[in-house]
Amino acid sequence: MSALLDSFSTAFDRLALRAAAGLGENRRAALDAALREGLPGPRSEAWKYTPLRALERRAFVPAAAAADVDAATLGQRLASIPSPRMVFVDGRFDAANSDVAALPGGIDAQPLSQVLRQSESRNANFLARRYAGADEIFAVFNAALAEEGAVVRVDRDADRDTAAVLNVVSAASGTMPDTAEHLRHFIDLRNDAALNLVEHHLALGEHRGLGNHLAHVHLGQRARLTHVRVQEEAEGASAFARCDAVLAREADYRRTDLELGAALSRHELNVRLEGEGAKLIANGILFADGKRHLDTRLGIEHIARDTSCDLLWRGLGAGRGRAVFHGGIVIREGADGANANLSNKNLLLSAQAEVDTQPVLVIHADEVQAAHGATVGQLDPVALFYLRSRGLPEADARALLTAAFCREVLAGIDDTALRETLTNTLDAHLARVAPT
């Protein structure tokens, strides 16, 4: 058994809530399956661009119940993240820095640990989901090891016209070496409900820990969820994130992802458009600078009639970074009237950077509209010459064009303040590199 699998097995034996809500057998089955399958190798189509050999040789320990977190550093990072918010530090719920009192009626937000302690199996049944095997290995480990996360339920009586904003913060303290955290989120919007959700993945200090996060999103009929996720993990961290979303009739899911940190990051977004007229807009930016390896995989399924998806992704490779993008769209038989669009454009900002992109479109229905495309290139020399001819130094001209390349992704965010915050965050990361 590898060091990684052995450390996860040891962590399972230490779980305080592993049998809570009647989930003991499911958790044990998930662990046994993961240990039996092992990590996927280079022959796995889903993992061939992201080797796990180095990670497999490392061992991780669960974070301590009370990490020695620098309060000033945490307070400084949280100052720009207003309430209502739920804060998790090193995989543990931080009640002192969390505040959901301002959420309007009809919205219930609890930490998963609290749900498990209530031992109501119906409130934790999403944890019983099973996963196929090696290609989903981190989801399987999450099913075995997750004891914490955000459980958010929005009732149909919540005010749809003024959707509440909830911030969910996952912060790694960096005070303990090689720790692993497994968070499980559940976002459930009933019919006609609405919510604005912002996920923040932060590093309070340098660390080489592992984060393994899994989210379920269920949208009822005509529900509307705006979902922003900002990944700013430490330069040495390993970050695995997966979101599985199911949309009912006329549900509206709008999502923006910024991948800006971690040494190794793997993000999977799987969306099933199961109800007629369901709509998905999912945009994102991958910024692979330094020696970062960022891998994003989209799996969108059109199952019902008249569904639509619009996917706009931009990738940046700088230094010796590598960005990997897989955009998969499947239009099932019977999903007539579907409209699917995918655009993935990428910029290489250095000769040592690498971008791998794979748009995939599979159609089993008639009377659909679908388009997909991907490009990899460098900054437009004509545009660069124009800016330099107007007196801009070359470095400034390159920085301006690089920032403009990403703006389209953020333009679709309706909340002006949030859009400006994300723009500033992105610009701060882009300033780390000098394109050549």
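**Exercise 1. Helix 1 and helix 2**

Determine how helix 1 and helix 2 are oriented relative to each other in this predicted model.

*Solution.*
Step 1. Two packed helices are described by the angle between their axes and the distance between the axes.
Step 2. For helix 1 (residues 3-13) and helix 2 (residues 24-37), the axes come within 11 Å and cross at roughly 170°.
Step 3. Angles over 145 degrees count as roughly antiparallel, and helix 1 and helix 2 are therefore roughly antiparallel to each other.
Step 4. The crossing of helix 1 past helix 2 is left-handed.
Step 5. On the side of helix 1, Leu5, Phe8, Ser9, Phe12 and Asp13 take part; they meet Arg27, Arg28, Leu31 and Leu35 of helix 2. By class, the residues of this contact are five nonpolar, one polar and three charged.

**Exercise 2. The buried residues of helix 1**

State which residues of helix 1 are buried and what covers them.

*Solution.*
Step 1. The buried residues in helix 1 are Leu4, Leu5, Ser7, Phe8, Ser9, Ala11 and Phe12.
Step 2. Their cover includes helix 2, helix 3 (53-56) and helix 6. Strand 1 (61-62), strand 7 (179-189) and strand 9 (210-219) are also among the covering elements.

**Exercise 3. Helix 7 and helix 8**

Classify the packing of helix 7 against helix 8 and list the residues that meet.

*Solution.*
Step 1. Helix 7 (residues 381-389) packs on helix 8 (residues 394-411) at about 130°, and the axes are 9 Å apart.
Step 2. This angle makes helix 7 oblique to helix 8.
Step 3. Helix 7 passes helix 8 in a right-handed crossing.
Step 4. Ala383, Leu384, Leu387 and Arg388 of helix 7 meet Glu394, Ala397, Arg398, Leu400 and Leu401 of helix 8. The contact comprises six nonpolar, no polar and three charged residues.

**Exercise 4. Two glycines in loops**

Assign Gly149 and Gly41 to their loops and decide whether each is buried or partly exposed.

*Solution.*
Step 1. Gly149 occupies the loop between helix 6 (137-145) and strand 5 (150-154).
Step 2. With a relative accessible area of 0%, Gly149 is buried.
Step 3. Beyond the neighbours within four places in sequence, Gly149 is in contact with Phe88, Gln110, Pro111, Leu112, Leu183, Arg184 and His185. Val115 is 34 residues away along the chain, and its C-alpha atom is separated from that of Gly149 by 9.9 Å.
Step 4. Gly41 belongs to the loop between helix 2 and helix 3, and at 34% relative accessibility it counts as partly exposed.
Step 5. Gly41 and Ala71, 30 residues apart in sequence, have a C-alpha to C-alpha separation of 41 Å.

**Exercise 5. Asp336, Asp306 and backbone geometry**

Describe the surroundings of Asp336, then locate the positive phi values and the cis peptide bond.

*Solution.*
Step 1. Asp336 is in the loop between strand 17 (322-331) and strand 18 (339-348). Its side chain reaches the backbone nitrogen of Asp366 at 3.1 Å.
Step 2. Apart from neighbours within four places in sequence, Asp336 is in contact with Arg305, Asp306, Ala365, Asp366, Glu367 and Val368.
Step 3. Asp306, one of these contacts, has a positive phi near 55° while being a residue other than glycine. Asp306 lies in the loop between strand 15 (293-302) and strand 16 (308-317) and is partly exposed, with a relative accessible area of 44%.
Step 4. Glu250, likewise not a glycine, has a positive phi of about 60°. Glu250 is placed in the loop between strand 11 (238-247) and strand 12 (252-259), and counts as partly exposed at 40% relative accessibility.
Step 5. The peptide bond from Ser83 to Pro84 is cis, with omega near 0°; Pro84 lies in the loop between helix 4 (71-78) and strand 2 (85-89).

Technical notes
Residues numbered from 1 in each chain as written. Predicted model: local features only at pLDDT ≥ 70, side-chain atom pairs only at ≥ 80, totals over all residues. Heavy atoms only, no water. Helix = DSSP H or I, 4+ residues; strand = E, 2+ residues; numbered from the N terminus. Polar contact = N/O pair within 3.5 Å; in protein donor to acceptor, adjacent residues only side chain to side chain. Contact = heavy atoms within 4.5 Å. Axes fitted to C-alpha atoms, helices over the stretch in contact; angles between N-to-C directions. Parallel < 35°, antiparallel > 145°, perpendicular 65-115°, else oblique. Left-handed = near helix turned anticlockwise from the far one by under 90°. Nonpolar A, V, L, I, M, F, W, Y, C, P; charged D, E, K, R; others polar. Buried < 20%, exposed > 50% of the residue type's maximum accessible area, 1.4 Å probe, protein only.
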